[in-house]
Each structure stands twice: as structure tokens, then as C-alpha cells.
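Work through the exercises below with the sequence and the model at hand. Each task is followed by a solution in steps.

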Amino acid sequence: MATTAPSPSTPNDLLGVTKTLDLLAPRWSVWVLMTVSSQPLRYAEFKPRLSWLADGQLHPRLRHLTNTGVIERTEYAPRHVTYGLTNRGAALLPVLAVIASWGDTYLEKKLVANKDTGDMEPERIPPAQNIDDAVALLVPRHATPILFSLQSRGTATAKTLAAEAMPGYGLTAVYKPLERLVADGLVTASGTGGYQLTGSGQALAPVFEAISAWATAPAPESAARRTRGQGAAPSQTRSGPWATTPTRLPAPAVTAAPTARPAHAARPAQATTPPDGPAWKSGDLFSHQISARPISPAGGPRR
């Protein structure tokens, strides 16, 4: 088994990835973020676009994304407040396209009848749902450090993974996150007492690279990107640091692995490097009413 030492840049890479995943993890946060990707919106303008979210769900998401510095709250008057992307938030959109691409390619999909031909084909999943489901697989504690370690080593024993991805924990603590990653289809037992990434797990390398590049990029000088130029100057602007979540433990750096995309999958955004802009259009975001529960397994990592 390989015993390659972790890269000196690994702690920063891993820290940036885990903090960004934590930023995106609260359910519906990605949907809110993508809803303002074209222009700032007033609160009432969110309701038709996110009709299934109650006020008690929308307010916390807006507050969370504002506190993490990807959305800015601008108050023009006591009853005229808009929410729009900061420059940092706008820079995150190409990263979301890479995550959506991975989810569209590798996550399970139901087979549904084509309304025109009657042929059974994979259902179309909105990009925001693909992102939500992908992040849900990566955000559990120790999941990403273990994946980083396996990307670097290829194959590793539970003892090695415990030491690298979970220092300070006993050996037995590594088995639960490993079992979850195996059940999620990202890791497999090698048959020789070790563990290695599946094809879909290896294909996460571009996702981690895109997230890391965004997380470590210098903060833009301007606080916000506004698309509404008319009206009085804002009386109040509030934006927090781009990420305020707890740190996680370091693990080896990612090594990209080439992977093939299934022929049946719809063409997603580029998955090797962050594209220049989001691959979705406004009509793609909410192409159907989202299910409240995960989709039943039908091949690929589970949602």
C-alpha cells in the first residue's frame, strides 16, 4: 500500500473545502443562493420562487448566507430591503456548477417515462437538488478528510485512515464514517483489508479542487455586486465573513482521477475545471416540485 506523505498545502485545502461545505450544507441554502444569482430580490420576491419554504425557513437561510458573506442585505428604506450576491457569492456560482455536474452524473436517478416517446429514461433533477444531495454526502464529520486521504493514497487501511483523517480518535471511531461512505457509494472495501474510492468517489477530485480554489482566493475589494442601479443609496449594509464554521482535521491532498460520464446522463456543466459561469438557466433551477424525501436507489451513489 502507498504511504505517500500528505502535501504541505493539505491543511489549507481541506480546511477550505470543509468550511465551504458547511456553508452550503443547511437545507435549501443553495436554492436561496441560486435564486438571487441573476439579480437582488426583495423578500416578497422570494416567495413565488421558493413557494414551499415557510417564513420560518426562509429567514434563517437568508441570515445564514448573509452572515457567511455570500449574500448581502441592503436596506434602502425601512420597508425597502434587498438581498443580492456579494462578489464572493458571485464567484461561488461556477463552483456550484461543478458540484451540480458531479451530482447529475453520479447520483442515483429514478427511471421515468418520456412524455413524448414513452421510453424509460433517467429523470431530470434540478441543479440545486443535485448540489444539495452531493453536499449531504460530503458534509458529515470526517467524511471529507477520509476522502482526501484516499484520493492521495489510492488504498489505505482503517488504521491509516484513522491516524490521518481522525487524529486524536481511537481506531474504532473510523469504522462508522467508513461504513457510511461505503453505503453512500463513494468508498469500497478493497478485499485485502483496505479501502479505496469508487469511480464516483474518484470523480470528486475536480469538485474538491474547485471548492478549494474558491475558498483560498483573496477576498474581493468590493463588498457586493449590485444589479439595480436606481434608487437612493443604501442606509445599511450587512455582510459577515465568508465562512465562520468550525475547523476540521487535515488529511492528504487530492489527486485528480479521470472518469467517464455515463452515456445516458444529460450533459452537465464541465466537471474538470470551474467553468466561467453557472451552467444552469433560471428556468432550470425549479424544473419540478422537489421531493421531501431522498429518491429511492436506482444506481449510483444514493441521494
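The exercises go from the whole chain to helix pairs and then to single residues.

This is a predicted model, in which local features need pLDDT of at least 70, side-chain atom pairs count only at pLDDT 80 or more, and totals for chains, interfaces and linings use all residues. Residues are numbered from 1 along each chain as its sequence is written, and side-chain values use heavy atoms, with hydrogens and water left out.

**Exercise 1. The chain as a whole**

Task: Describe the secondary structure, burial, contacts and surface of the protein chain.

Solution.
- Step 1. The protein chain has 12 helices and nine strands. These are DSSP runs numbered from the N terminus, with helices being H or I of at least four residues and strands E of at least two.
- Step 2. The chain has 303 residues, and 48% of them count as buried. Buried means under 20% relative accessible area, exposed over 50%, and partly exposed in between (1.4 Å probe, protein chains only).
- Step 3. Among contacts with a separation of 6 or more, 76% join residues 24 or more positions apart. A contact means heavy atoms within 4.5 Å.
- Step 4. The accessible surface is about 14200 Å², and 53% of it belongs to carbon and sulfur atoms. The areas come from the Shrake-Rupley method with a 1.4 Å probe; for residues, only the protein chains shown count as cover.

**Exercise 2. Helix 5 and helix 11**

Task: Find how helix 5 and helix 11 are oriented and which residues join them.

Solution.
- Step 1. Helix 5 covers residues 87-106 and helix 11 residues 205-216; they pack at an angle of about 175 degrees, with axes 9 Å apart. Axes are lines fitted to C-alpha atoms, for helices over the stretch in contact, and angles run from 0 to 180 degrees between N-to-C directions.
- Step 2. Helix 5 is therefore roughly antiparallel to helix 11. Angles under 35 degrees count as roughly parallel, over 145 as roughly antiparallel, 65 to 115 as roughly perpendicular and the rest as oblique.
- Step 3. From helix 5, the residues in contact include Leu 92, Val 95, Ile 99 and Trp 102, and from helix 11 they include Val 207, Ile 211 and Trp 214.
- Step 4. By class, this contact of helix 5 with helix 11 has 12 nonpolar, one polar and one charged residues. Ala, Val, Leu, Ile, Met, Phe, Trp, Tyr, Cys and Pro count as nonpolar, Asp, Glu, Lys and Arg as charged, and the others, Gly among them, as polar.

**Exercise 3. Helix 7 and its surroundings**

Task: Determine how helix 7 is placed, which helix it packs on, and what flanks it.

Solution.
- Step 1. Helix 7 (residues 143-153) packs against helix 9 (residues 175-183) at about 75 degrees, with the axes 10 Å apart. The two are therefore roughly perpendicular.
- Step 2. Ala 143, Ile 146 and Leu 147 of helix 7 meet Pro 177, Leu 178, Arg 180 and Leu 181 of helix 9. This contact has six nonpolar, no polar and one charged residues.
- Step 3. In helix 7, 11 of the 11 residues are buried, so the helix is largely enclosed by the rest of the structure. Gln 151 and Arg 153 are among those buried residues.
- Step 4. His 142 lies in the loop between helix 6 (127-138) and helix 7. His 142 has a positive phi of about 80 degrees although it is not a glycine, and is buried at 9% relative accessible area.
- Step 5. Gly 154 follows helix 7, with a positive phi near 90 degrees.

**Exercise 4. Single residues**

Task: Locate Trp 28, Glu 72 and Thr 198, and give the burial of each.

Solution.
- Step 1. Trp 28 is in the loop between helix 1 (10-24) and helix 2 (29-35). Its phi is positive, near 80 degrees, and Trp 28 counts as buried at 7% relative accessibility.
- Step 2. Glu 72 is in strand 2 (residues 71-77) and counts as buried at 3% relative accessibility. A polar contact of 3.3 Å joins the side chains of Glu 72 and Thr 74. A polar contact is a pair of N or O atoms within 3.5 Å; within protein, one must be able to donate a hydrogen and the other to accept it, and residues adjacent in sequence count only if both atoms are side-chain atoms.
- Step 3. Thr 198 is in the loop between strand 8 (194-197) and helix 10 (199-202) and is buried at 18% relative accessibility. Its side chain makes a polar contact of 3.0 Å with that of Ser 200.
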